[in-house]
Amino acid sequence: MKQRFLQTEFWAKFKGNHGWSPLFFAIDNDGSKDCSLTKSDSAVENGITVLVRTFSLKIKKLSIAYIPMAPEKAETETEKDYCDRIKKISAQLKSFLPSNTICIRYDLPIDCTSLEEKQELVKKLTLKQSHVAIQPPDTVLLNLDLSEEEILAAMKSKWRYNIRLAEKKSVSVTAFHSDDTGFDEAFEHFYKLFEETSKRDGVNFHAKDYYLDLLKRSSSSSKPRITLYLAKHEEDYLAGIITLFCEREAVYLYGASGNVKRNFMPAYLLQWTAIKDAKKFGSPVYDFYGIPPTDDENHPMHGLYLFKTGFGGTIVHRPGSFDVPLQPLTYNLYTAAEKLRAWFYKKAVKKISRALN
């Protein structure tokens, strides 16, 4: 089975340039309770990538180990056996991690088709659920094995209309890679859109060099391929997105939009262009990467739910992040602080920003 993008060496080395230290391990007898780890110099297909981050609390340094979207659960494996295998992997990992590592956090790669199925799954997992999910637990997966006509037909009619409207309004969408002429100028326009989005919606983004580094690690012929798409009308840059295409999946990573000509529906044409390109690349599925868990009109991101689900596809719910504590007392203090920080940034900062704007 091909690697999920978060387990690729490409992604590990990218994160290694932004505060994380990547470690690579091969797994013998993967899927078995008798599995064993061997440290590797690079990512291997039947293995795991571990990201380690160390941070200072003035009086001491602490570390956390993070394993995104791994290990895969075997079809015949019970939830208990799967969790036992994760605990065994964690016990073997401990000797390779800094002595101050407080826990190993896993984002479990299990797709559920309903919230009820997810809730039943979580009850059966014998791991400690984290208060904070690092990767979005709810998303929309669009099957790219279908023809373009079939994908369009599965969309809501308003979405097809908006795509045609953007084309009728002469909105142009251009794909840029780091080795393309005009890339640097295109990136500057994109980041200005990011800043507009942040100011308007109260969303926090990474520093500028984070996105630039990600894009410059890939080219027009790379695998995985990172692409910057910009939507433009006349001299106005309207919106932009960054996508990742690999053999396992295509992923809509980041998006930004300006404040002018929003009624020209550039976001719809951007996504449709990326979907068609992902299909040509050979990715079997397009992951819209993050929606609210339900169609709740009171959810602050309800508009995002409507936008992403309108393209068709299947809504999936993943269990989220789970921890194997290595230092229980310190872990409890850390997770309490983590929960407070998440509330502050997701709730308080957004409300303050919107009030000021």
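Let's start with two rings tucked inside this predicted model: tyrosine 268 and phenylalanine 311 are both buried. To place them, look at helix α8, which holds tyrosine 268, and then at the loop between α9 and β13, where phenylalanine 311 sits; the pair therefore ties together parts that are 43 residues apart in sequence. How do the two rings meet? Their centres are 6.1 Å apart and their planes make an angle of 35°, so tyrosine 268 and phenylalanine 311 count as a tilted pair.

Now step back to α9 itself, which runs over residues 302–309. Its buried residues are His302, Tyr305, Phe307, Lys308 and Thr309. And what do these buried residues of α9 pack against? Among the partners is α8 (266–281), the helix that carries tyrosine 268. The others are β7 (138–143), α5 (157–168), β11 (250–257) and β13 (314–317).

Aromatic pairs turn up elsewhere too: searching the whole structure gives 23 of them. Take tyrosine 191 and phenylalanine 194, whose ring centres are 6.0 Å apart with planes at 75°, so this pair is edge-to-face. Here both partners belong to helix α6 (residues 183–201), sitting 3 residues apart, or about one turn of the helix. Are they buried or exposed? Both tyrosine 191 and phenylalanine 194 are buried.

Rings have lysines for company as well. Lysine 156 lies over the face of tryptophan 159, 5.6 Å from the ring centre. You can find a similar arrangement at phenylalanine 281, where lysine 223 lies over the ring's face at 5.8 Å from its centre.

Conventions. Residues numbered from 1 in each chain as written. Predicted model: local features only at pLDDT ≥ 70, side-chain atom pairs only at ≥ 80, totals over all residues. Heavy atoms only, no water. Buried < 20%, exposed > 50% of the residue type's maximum accessible area, 1.4 Å probe, protein only. Helix = DSSP H or I, 4+ residues; strand = E, 2+ residues; numbered from the N terminus. Contact = heavy atoms within 4.5 Å. Phe/Tyr/Trp six-rings, centres within 6.5 Å; stacked < 30°, edge-to-face > 60°. Lys NZ or Arg CZ within 6 Å of the ring centre and 35° of its normal.
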